[in-house]
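Q: I'd like a close look at one part of this model, with enough of the rest to see where it sits. Could you walk me through it?

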Amino acid sequence: MSAVQIIRVPILPFRMLSAHLLVGAAGCVLVDAGVPGAAPGVGEALARAGRGWSDLKAIVVTHAHVDHAGSAAELRERSGALVIAHEAEVEHLSGRAPMTYCPTGWFGRLFVRTPLPHERYAPVAPDLVLSGNETLDLAPYGIAGRVRPTPGHTQGSISVVLESREALVGDLVASGVMLGGLARLGHAIRPPFEMDPRAVGVQLERLVDEGVQIFHLGHGGPLDADEVRRHARVLASSVAGVPHLQRRSRSRRAAPGAIAIDHPG
């Protein structure tokens with residue numbers, strides 16, 4: 001199978017939030033769907049690659065946070081692509097259950113009290129669901145690589161590992177100042193929320209041990225293997241933050257299937 005081109009799709013400026021379009025000879029796969037309203041930017045990325053909506057075969061949602069899943073429903077509607085996720089995220093993606101946020105530091109503790117992490121998005125029921133430690137070959141969708149579970153950021157976090165020894169890991173790790181920003185893009189940091197830092201460290205070090213050389217991130221990046229290993233070893237002695245539960249609102253104005261939020265106090 002021919003080499004895969006990785007096109008970063010900027011969702012917010014300064015690499016604060018990115019999706020990634022994987023372009024193969026026989027099709028394209030999008031890793032993460034961005035916030036609600038991100039579909040036009042994905043369409044522009046497809047056009048830059050000389051492709052159209054019909055070439056998008058699959059959308060891999062690394063986890064159910066709004067900045068990674070917010071446009072999944074619209075993107076599927078535009079393209080007909082299959083949505084891929086882990087079973088542990090399905091109840092959140094479909095709007096049946098709220099998410100829990102575990103802040104990793106002062107920024108996360110402030111951020112979780114704002115409306116931004118809790119923005120509602122159109123619920124989406126994945127077409128392909130990974131169970132347990134199950135992996136998925138992306139060759140039928142034109143990409144030389146596999147989707148695999150990498151739990152820790154959330155219970156059902158997944159990553160894409162390519163035959164080119166590159167990995168797209170969502171929020172397993174972030175980089176830069178204030179999630180990307182203008183400096184230190186090559187320095188690994190914890191994202192604002194992380195359920196199990198030690199589990200994240202295990203997953204990251206395992207990927208490095210298996211030969212991954214370049215890590216593409218949802219926030220900041222990319223990072224090389226040495227920096228990811230350094231960060232993974234820091235996580236070995238880290239502890240999870242105090243959970244903040246995303247609560248359902250009783251508001252009658254909430255859209256069917258969506259989650260409205262009473263912000264944590």
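Which residues does Val124 touch, not counting residues up to four places away in sequence?

A: This is a predicted model, with local features needing pLDDT of at least 70 and side-chain atom pairs counted only at pLDDT 80 or more, while totals for chains, interfaces and linings use all residues. Residues are numbered from 1 along each chain as its sequence is written, and side-chain values use heavy atoms, with hydrogens and water left out.

Val124 touches Ala72, Ala73, Arg76, Val83, Leu93 and Ser94, where a contact is heavy atoms within 4.5 Å. Val124 itself sits in the loop between H5 and strand E7 (128-130); helices (H or I, at least four residues) and strands (E, at least two) are DSSP runs, numbered from the N terminus. With a relative accessibility of 1%, Val124 counts as buried. Buried means under 20% relative accessible area, exposed means over 50%, and partly exposed is in between (1.4 Å probe, protein chains only).

Two of those partners, Ala72 and Ala73, take us to helix H3 (residues 72-79), where the buried residues are Ala72, Ala73, Leu75 and Ser79. Looking down the H3 axis, these buried residues fall within an arc of 165°, so they line one face of the helix; the arc is that of the directions from the helix axis to the C-beta atoms. The cover over them includes strand E3 (27-31), helix H1 (39-48), strand E4 (56-60), H2 and strand E5 (82-86). Just past H3 comes Gly80, with a positive phi of about 80°.

Now compare that spot with His219: its C-alpha and that of Val124 are separated by 23 Å, with their positions 95 residues apart along the chain. His219 belongs to the largest pocket, which has 20 lining residues; nearest its centre lie Leu12, Asp67, Phe111, Leu116 and His219. Helix H2 (66-69) and helix H5 (106-111) are the elements that give two or more residues to that lining. The pocket holds about 400 Å³ of space, and its lining has 14 nonpolar, three polar and three charged residues. For the classes, Ala, Val, Leu, Ile, Met, Phe, Trp, Tyr, Cys and Pro count as nonpolar, Asp, Glu, Lys and Arg as charged, and the others, Gly among them, as polar.

As for the terms, on a 1 Å grid over the protein atoms alone, a cavity is a set of points where a 1.4 Å probe fits but cannot get out, and a pocket is an open set with protein on both sides within 12 Å along at least five of seven lines; lining residues have an atom within 4 Å of a point. Points are joined across faces, edges and corners, and a volume is the space filled by probe spheres set on the points.

H5 turns up again in the second largest pocket, giving the most to its lining with three residues. That pocket has a volume of about 220 Å³, and Trp106, Phe107, Met178 and Arg190 are among the residues lining it.

There are enclosed spaces too: two cavities of 30 Å³ or more. The second largest cavity has a volume of about 40 Å³, and its lining includes Ser18, His20, Asp32, Val169, Gly170 and Leu217. Strand E2 (residues 17-24) gives the most to this lining, with three residues.

Leu217 is worth a stop. It lies in the loop between strand E14 (214-216) and strand E15 (223-224) and, at 2% relative accessibility, counts as buried. Its partners beyond four places in sequence include Ser18, His20, Val169 and Gly170. The C-alpha atoms of Leu217 and Arg15 are separated by 9.2 Å, although these residues are 202 apart along the chain. Pro222 is in that loop between E14 and E15 as well, and the peptide bond from Gly221 to Pro222 is cis, with omega near 0°.

Asp32, also in the cavity lining, is found in the loop between E3 and H1. It counts as buried at 3% relative accessibility, and its phi is near 80°, a positive value in a residue other than glycine.

Finally, how far can you trust all this? pLDDT, the predictor's confidence in each residue, runs from 0 to 100. The chain averages 91, with 92% of the residues scoring at least 70. Residues 247-265 stay under 50. Where pLDDT is low, the predicted coordinates should not be read in detail.
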